[in-house]
Amino acid sequence: MCLQPDVLVYRLRAVERFQDLQLDELADLFSTIHKVTNLVEKHFNATSLITMIQIKHTLESYKSNKI
């Protein structure tokens, strides 16, 4: 049986590019991903998990992230 729970971890501060995140923000982001991964594995009794990161650098994504 293959379960596919989807979890979205999103940064708190809107930035135009991934490179614009501060080091402490990156540490917090990956620390959160690490914690969520552990929780999902325990909840579903999983022995493995795939973590994917999507980074969009397009003109449209810049427009949609502007506040």
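**Exercises on a predicted two-helix chain**

**Exercise 1.** Determine where Leu12 is found and whether Leu12 counts as buried or exposed.

*Solution.* Start with the position along the chain: Leu12 is found in the segment before helix H1, which covers residues 23-43. Next, take the relative accessibility of Leu12, which is 86% in this predicted model; since exposed means over 50%, Leu12 counts as exposed. Finally, turn to Leu29, which is 17 residues from Leu12 in sequence, while the C-alpha atoms of the two are 9.1 Å apart in space.

**Exercise 2.** Compare the span that H1 should have with the distance between its end C-alpha atoms.

*Solution.* First, count 1.5 Å a residue for the 21 residues of H1, for which the expected span is 30 Å. Then take the end C-alpha atoms of H1, which are 30 Å apart, so the two values agree.

**Exercise 3.** Work out how the buried residues of H1 are placed around its axis, and which residues are exposed on the other side.

*Solution.* Begin by listing the buried residues of H1, which are Leu26, Leu29, Ile33, Thr37 and Val40. They cover an arc of only 75 degrees around the axis, which means that they lie on the same side of H1. The general rule behind this step is that an α-helix has 3.6 residues a turn, so residues three or four places apart point the same way. On the other side of H1, the exposed residues are Asp24, His34, Lys35, Leu39, Lys42 and His43.

Notes:
Residues are numbered from 1 along each chain as its sequence is written. This is a predicted model: local features need pLDDT of at least 70, side-chain atom pairs count only at pLDDT 80 or more; totals for chains, interfaces and linings use all residues. Side-chain values use heavy atoms; hydrogens and water are left out. Helices (H or I, at least four residues) and strands (E, at least two) are DSSP runs, numbered from the N terminus. Buried means under 20% relative accessible area, exposed over 50%, partly exposed in between (1.4 Å probe, protein chains only). The expected span of a helix is 1.5 Å times one less than its number of residues. The arc is that of the directions from the helix axis to the C-beta atoms.
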